[in-house]
Amino acid sequence: MSNLETQLAALRQEAQQAIANSSTLEDLEQLRIKYLGKKGSLSQVLGGMGKLSAEERPRIGALANEVKDALQTDLDQKRAALQAAQIEAQLEAEALDVTMPGVYRLQGHTHPLTSTIDRMIDIFVGLGYTVATGPEMETDYYNFEALNFLPDHPARDMQDTLYLPDGNILRTHTSSVQIRYMEENDPPVRIVMPGRCYRRDTVDATHSAVFHQLEILAVDEGLTFTDLRGTIKVFLEAMFGEIPIRFRPSFFPFTEPSAEVDVQWRGRWLEVMGCGMVDPNVLKAVGYDPEVYTGFAAGLGVERIAMVLHQIDDIRRLYASDLRFLKQF
Ligand code: DAH
């Protein structure tokens with residue numbers, strides 16, 4: 001065996017050993033440069049080929065190629081193995097344990113007043129009504145005058161009103177939206193008007209200075225009190241199921257005749273709305289002909305409805321932001 005053959009065999013053995021032992025892709029690359037690179041060991045050994053005889057040269061050349069191919073194969077295999085191991089390790093490091101208990105986050109939900117309003121709106125929308133809204137800061141005209149409250153009418157005293165420094169008021173009811181809507185739209189009208197209202201009420205279990213109403217208004221040819229009563233009955237049954245209700249005669253400047261509707265709540269009657277046939281003077285105020293059109297309207301107390309719905313004993317709970325209370329809904 002020639003000297004070069006011995007060297008090639010030794011080189012092969014050493015390189016294969018080193019490749020087998022390498023544990024990182026960087027190490028492997030260093031080995032490739034060291035053994036197969038331009039100035040690597042194999043090149044150096046082959047540098048001595050010039051001194052070989054003509055018959056020796058092809059044999060050593062073939063042997064050198066064989067060593068080169070063998071090392072290249074080993075390098076390729078080792079690289080693939082190391083890459084696979086690296087991916088494996090990475091996957092393991094990033095693995096999710098889906099059985100681990102999650103981080104508990106308090107999840108919010110709709111306030112019972114909001115969900116009550118949504119439910120009420122849904123029922124009226126199902127009856128063909130569309131939603132209309134108006135401002136909470138109102139003028140005397142929309143809140144009172146156009147609704148047939150005369151300047152010194154005793155009915156004005158019914159509304160203990162919060163006046164603003166500029167003479168405007170915080171609306172005492174959503175009935176003001178009736179006027180704003182009818183001024184802008186011709187009959188027929190079917191609207192539902194949710195909103196916040198304000199009164200100088202003394203706060204107690206069933207009264208709040210800030211509260212919500214949901215007003216409905218229908219104006220058309222030939223509407224009668226029967227339509228009003230049927231609509232209210234359908235609404236209350238959709239809201240509460242079968243529940244004792246009663247209509248009580250009442251007075252409002254903007255309706256004639258007028259009624260209040262009570263439902264049974266904790267063993268007593270609780271008023272949940274005022275209603276009636278739209279007063280001809282209101283229709284005239286917005287330019288509707290009362291000889292052609294009649295209408296009915298109702299103003300429902302949202303808090304009262306929510307209290308009946310959820311058997312809530314005190315209106316103040318709805319504003320207390322007490323999570324122990326709110327979490328129940
Ligand atoms: N606006 C009245 C109130 O706040 C409630 C009301 C009564 C509204 C009769 C109406 C109605 O639309 O027809 O007490």
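**Exercise 1. Find the largest pocket and say what lines it.**

Let's start with size: the largest pocket has a volume of about 660 Å³. Keep in mind that this is a predicted model. Next, look at the walls: 33 residues line this pocket, and those nearest its centre are R199, F211, Q213, E271 and G299. Now step back to the elements. Those giving two or more residues to the lining are α8 (175-184), β5, β6, β7, β8 (268-278), β9 and α11 (302-310).

**Exercise 2. Trace the sheet from one edge to the other.**

Walk along the strands in order: β1-β4-β5-β9-β8-β7-β6. That makes an open sheet of 7 strands, and the pairing is mixed. At the edges sit β1 (130-131) and β6 (245-252), each pairing on one side only. Now zoom in on β6: 7 bridges join β6 to β7 (residues 255-265), and the two run antiparallel. To see one such link, pick P249, whose bridge partner in β7 is A259. Finally, add a helix: α5 (residues 112-126) lies across β1, β4 (189-198), β5 (210-220) and β9 (294-301), at about 5 degrees to β5.

**Exercise 3. Decide whether T231 is buried or exposed, and list what surrounds T231.**

First, locate T231: helix α9 (residues 225-240) holds it. Then check the accessibility. Buried means under 20%, and T231 has 13% relative accessibility, so T231 counts as buried. Next, follow the side chain of T231, which reaches the backbone oxygen of D227 at 2.7 Å. Last, skip the neighbours within four places in sequence: T231 is then in contact with F124, L127, Y129, I216 and F296.

Methods:
Residues are numbered from 1 along each chain as its sequence is written. This is a predicted model: local features need pLDDT of at least 70, side-chain atom pairs count only at pLDDT 80 or more; totals for chains, interfaces and linings use all residues. Side-chain values use heavy atoms; hydrogens and water are left out. Helices (H or I, at least four residues) and strands (E, at least two) are DSSP runs, numbered from the N terminus. Buried means under 20% relative accessible area, exposed over 50%, partly exposed in between (1.4 Å probe, protein chains only). A polar contact is a pair of N or O atoms within 3.5 Å; within protein, one must be able to donate a hydrogen and the other to accept it, and residues adjacent in sequence count only if both atoms are side-chain atoms. Contact means heavy atoms within 4.5 Å. Two strands pair if DSSP finds at least two bridges between them. Axes are lines fitted to C-alpha atoms, for helices over the stretch in contact, and angles run from 0 to 180 degrees between N-to-C directions. On a 1 Å grid over the protein atoms alone, a cavity is a set of points where a 1.4 Å probe fits but cannot get out, and a pocket is an open set with protein on both sides within 12 Å along at least five of seven lines; lining residues have an atom within 4 Å of a point. Grid points are joined across faces, edges and corners, and a volume is the space filled by probe spheres set on the points.
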